[in-house]
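This report describes selected local features of one protein chain and its ligand, moving from charged pairs to a helix, a loop and the ligand surroundings. Please keep the sequence and the coordinates at hand while reading.

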Amino acid sequence: MTKKEIQKLAKEHGTPLVIVDHDEIRANYAMFRKYLPRVQCYFAVKANAEPAIVKTLYKEGASFDVASLPEFMLVYDNIKKLSPKAQQDFIWDKIIYANPTKPKETLLALDKYKPLVTYDNVTELHKIKKYAPHAGVVLRLAVSNTGSQCELSNKFGCDPGEAVDLILAAFRMGLVVEGLSFHVGSQCTNFENFVQAFNTAAAVMKESKTRGHELKILDIGGGFPAPYNKHVKPFPELARVINAEIERLFPKDIQILAEPGRFLVATSATSVARVIGKAIRNGKRCYYIDDSVYHTFSGIIFDHCQYPLQSFKAGKKEVCAVFGQTCDGLDVISQSDLLPNLEVDDLVYAENIGAYGSASATYFNGFPPAKVLHVNQ
Ligand SMILES: *Cc1c(COP(=O)(O)O)cnc(C)c1O
């Protein structure tokens, strides 16, 4: 979107505003499919759970990774609306429940859909057996997260050395292990993590086969980096690494799926906020805007992300601090943004804020989340 278009929409709809461009989502999805043709794409809904995004991606042919019962129902209900004739067997093809730890109530509610769910320990297996015996299971492996913006392996995934025992345990209980999954950490710019994870998964699959259980699915998780800055290597480079490992390590008939979240939606959204106050503190110009880290900018806290602010105004830029609208001292959007001298009611905007931003916005301080506007739907 051009600066002019952003400005026009902000004037029309007011601030705080988040503009989601569905052309961008479709382009990211097409790029993923083009460079990873063997990989089925399950959008990780938690990155941005706007129903309009689920609909757009479903129409493009995507499947979905859900992390909770409400996310499962969001996807399920939209698929039913868009494809009323979809049969039960669409579930595995379209939805994976990839949160390894599930409350028993969720398992009970999911069982009738015969879902595909992940696990990484024996306690979870017993729960699945008891409350969702019709589920298919996928074992999540812990893999290297080195250099990723958000690590996941300290919370999820079994030690690869325990993997085969966990596969055998599932089969002994009468559950069927369909495959393996891993996640190299979110915004993974160190492609070596993927290489190591593929090698670990291939070794586990091989041993599982010699123990009598051939697995059919390899779920390579998320982590595909968004182009937040010029240091992120282009996606085709990562795709080349991934394709080479798949080719080298896995049989042709294995089904490969991925769960990109950030990659599909990060670049789709631009947020626009209004300057509501200004001050000089310790010699530095400070702006207060009508959004916050408890709202659209939540990724600063939860996602270790920065979103440089830009202005529609010309003029010499100087280093300034930008604070959110809430009464909390933690609510700092930036200590060092570069902006021209702004006045109250001037607008600022941030790009690439479509992943893990609005998704974790709250009502803190009584301020509701920013209005979300979908364009090019
Ligand atoms: C969060 C998550 C994803 C998406 O990760 P991105 O880094 O946004 O691609 C995929 N799979 C699982 C299991 C997740 O928890």
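With which residue does Arg-285 form a salt bridge, and how far apart are the closest N and O atoms? The partner is Glu-318, and the closest N and O atoms of the two residues are 3.4 Å apart. This pair links distant parts of the chain, since Arg-285 belongs to strand 11 (residues 284–289) and Glu-318 to strand 13 (residues 318–323), with their positions 33 residues apart in the numbering. The model is a predicted one, and the distances and accessibilities given here should be read with that in mind.

**Salt bridges**

By the rule applied here, the count of salt bridges comes to 14. Three of them are set out below, with the N to O distance for each pair.

| Pair | N to O distance |
|---|---|
| Lys-127 and Glu-124 | 2.7 Å |
| Arg-285 and Glu-318 | 3.4 Å |
| Glu-207 and Arg-211 | 3.7 Å |

The two partners of the strand pair fall into separate accessibility classes: Arg-285 counts as buried because its relative accessibility is 18%, under the 20% limit, whereas Glu-318, at 30%, counts as partly exposed. Salt bridges that share partners also join Lys-102, Glu-124 and Lys-127 into one network.

Within that network, Lys-127 and Glu-124 lie 3 residues apart in helix 7 (residues 122–131), and therefore about one helical turn separates them. In an α-helix there are 3.6 residues a turn, so residues three or four places apart point the same way. Glu-124 is buried, with a relative accessible area of 2%, while Lys-127, at 21% relative accessibility, counts as partly exposed. For the salt bridge between Glu-207 and Arg-211, both residues are partly exposed, Glu-207 with a relative accessible area of 38% and Arg-211 with one of 45%.

**Helix 2 and the loop residue Ser-268**

Helix 2 (residues 22–35) has 14 residues and reaches 20 Å from its first C-alpha to its last, which is close to the 20 Å expected at 1.5 Å a residue. His-22, Ile-25, Asn-28, Tyr-29 and Phe-32 are the residues of helix 2 listed as buried. These five lie on the same side of helix 2, because they cover an arc of only 120° around the axis. At the start of helix 2, a side-chain oxygen of Asp-21 comes to within 2.9 Å of the backbone nitrogen of Asp-23.

Asp-21 and Ile-25 also appear among the residues that Ser-268 touches, together with Ile-19, Val-20, Glu-24 and Gly-354, when residues up to four places away in sequence are not counted. Ser-268 itself is placed in the loop between helix 11 (262–265) and strand 10 (269–281). Is this loop residue, Ser-268, buried or exposed? Ser-268 counts as buried, because its relative accessibility is 1%.

**Surroundings of the ligand**

There are 14 residues around the ligand, and of these Lys-46, Ser-186, Glu-259, Arg-262 and Tyr-356 come nearest. Arg-262 has a backbone N or O atom that lies 2.8 Å from an oxygen atom of the ligand. Two side chains also take part in polar contacts: a polar side-chain atom of His-183 lies 3.0 Å from an oxygen atom of the ligand, and one of Asp-65 lies 3.1 Å from a nitrogen atom of the ligand.

Key
Residues numbered from 1 in each chain as written. Predicted model: local features only at pLDDT ≥ 70, side-chain atom pairs only at ≥ 80, totals over all residues. Heavy atoms only, no water. Helix = DSSP H or I, 4+ residues; strand = E, 2+ residues; numbered from the N terminus. Expected span 1.5 Å × (residues − 1). Buried < 20%, exposed > 50% of the residue type's maximum accessible area, 1.4 Å probe, protein only. Arc of directions from axis to C-beta. Polar contact = N/O pair within 3.5 Å; in protein donor to acceptor, adjacent residues only side chain to side chain. Contact = heavy atoms within 4.5 Å. Salt bridge = Lys/Arg side-chain N within 4 Å of Asp/Glu carboxyl O. Near = heavy atom within 4 Å.
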